[in-house]
Amino acid sequence: MTSAMRHDIERFCARTGADPLLIQGAGGNVSWKEQNTLWIKASGTWLADACSRDIFVPVDLADLMTKAAQSQFDVQPVVLGNSSLRPSIETLLHALMPHTVVAHVHAVEALAHLVQANPQQALSNRLRGQDIKWALVPYKKPGAELARAMHATLKQIPDAEVIFLQNHGLVVGGESVAAVENKLLQVTRLLAITTAAQQSNAETAPRPATPALQSLGYTLLDASNPAHALTSQPSLFKRLDSEWALYPDHVVFLGACSWHYNDEESARQALSKPDAPKPALIFIKDTGIFTQAHLSHAQHAQLQCYVDVLMRLPENEQARSLTPGEVAELLNWDAEKYRSQLSK
C-alpha cells in the first residue's frame, strides 16, 4: 500500500469514526486489500483513533478465501507479522467483498430502516431508481453466521456495492477510499428521515435524584444529555418496553433489557428489594435517566445511537427487536465479551 493510500485510509477512518451518526464507539470496521493481505481494524479499537495509533492488523487473505470456498465460515484469521492485535470478528465479511476498500458502519439513518418490520420495503421506497447496487442480508449473529449469509447473498448479487444487514448496519465496497465515502454519503442522504419526534419541543427538564434513589446509588445522567428525550417524549418512552434490543452493539454495551419506571416511587420499590438487580441505567418517565455507576464512552455512544434511531422511526412503525435467543447468543459469546471488556 502506498503512503498516499494509507494517508487516505486513516483520514477516512478518523472522519467516519468521529461522526456518531455513522459510528458509535468501537463499532464498525474499515479494511483494504493488498494482493494476498487483508488489513482490518482490530477488535475493540476505534476508527476515530486511526490517525493517532495503529488500529489495523494484517491477515492472510488467501487463506480466508480458501476456507470460505470450502464453507468454513468459522475460520480464524491468520495474523501476519508480529502484531498483537486481534482481528475484528467480522474479518471474513470484509474478505468476501470483492472490493479493494470496504467500510462497515452502523449508520443511524440506515438503522432506522433496518430495524423496521419490513426493511426490504423500507429501503426500496428510498433507493428505487437510484444508481446503487444493493442487497439486504437477514439478521444473523456477527461472525461465522453473518459471513455465511453474506457469501450466499454475493453469489446471487455479485456486483452489489452496498450490503444492508438487518438489525445491524451496512457494508460499502469500492476501489478507492473516495468511492466508498461518496457512496456511503449518497446512501445515508437518501435514507435520511425527519419525524415529529425529532422536531418535538415537548421536553421535560430532567430532575436530580431523590434521596431514595441516591441511597440506592443512582444519580442523574448529565442533564444536558439529549438521551433524556427517551423519558420526556411519551412515544419514545413507550418503545423502551418492547423495542430495546435493536442491534448487536446496543445489547453488548447496554444489556438485554431496559429498566424503565412510570415514577420514582415505582423505581425505588423495585430496586430496593434484596434480590433486585442494580442496572447501570434506569429510565423514569417525565423525570430523566439515572445511572448507578460511571458509564463508559462506548455506553454513552450506544445510548445516543439508540435515541437517534428511535427518533427517526415513524410513530406508527414498530421496530423489530432481537429475539431472546438472538440476545443470548450475543451476551454469551466470548468474542463480544472480549470487545466489551476492552471498552471499560
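In which sense do strand 10 and strand 11 pair, and over how many bridges? The two strands, the latter spanning residues 288–291, run antiparallel and are joined by four bridges; strands count as paired if DSSP finds at least two bridges between them. Helices (H or I, at least four residues) and strands (E, at least two) are DSSP runs, numbered from the N terminus. The model is a predicted one, in which local features need pLDDT of at least 70 and side-chain atom pairs count only at pLDDT 80 or more, while totals for chains, interfaces and linings use all residues. Residues are numbered from 1 along each chain as its sequence is written, and side-chain values use heavy atoms, leaving out hydrogens and water.

Strand 10 is a good place to start. Together with strand 11 it forms a hairpin with three residues in between, and Asp286 in the turn has a positive phi of about 60°. Across this pairing, Ile284 stands opposite Gly288 of strand 11. Strand 9 (residues 260–261) runs parallel to strand 10 and is joined to it by two bridges, with His260 having Phe283 as its bridge partner. Helix 13 (residues 264–271) completes a right-handed β-α-β unit with strand 9 and strand 10; right-handed here means that, with the strands pointing away from the viewer, the path from the first strand over the helix to the second runs clockwise.

In a regular strand the side chains alternate between the two faces of the sheet. Strand 10 (residues 281–284) is covered on both faces, with Leu281 and Phe283 buried on one side and Ile282 and Ile284 buried on the other. Buried means under 20% relative accessible area, exposed over 50%, and partly exposed in between (1.4 Å probe, protein chains only).

Turning to the aromatic rings, a search of the whole structure finds five pairs. Rings of Phe, Tyr and Trp (its six-membered ring) pair if their centres lie within 6.5 Å, with planes under 30 degrees apart counted as stacked, over 60 as edge-to-face and the rest as tilted. Trp32 and Trp39 are stacked, at 5.7 Å centre to centre and 5° between the planes. The rings of Trp134 and Phe164 have centres 5.7 Å apart and planes at 80°, so this pair is edge-to-face. It links distant parts of the chain, 30 residues apart: Trp134 lies in strand 5 (residues 134–137) and Phe164 in strand 6 (residues 162–165). Both Trp134 and Phe164 are buried.
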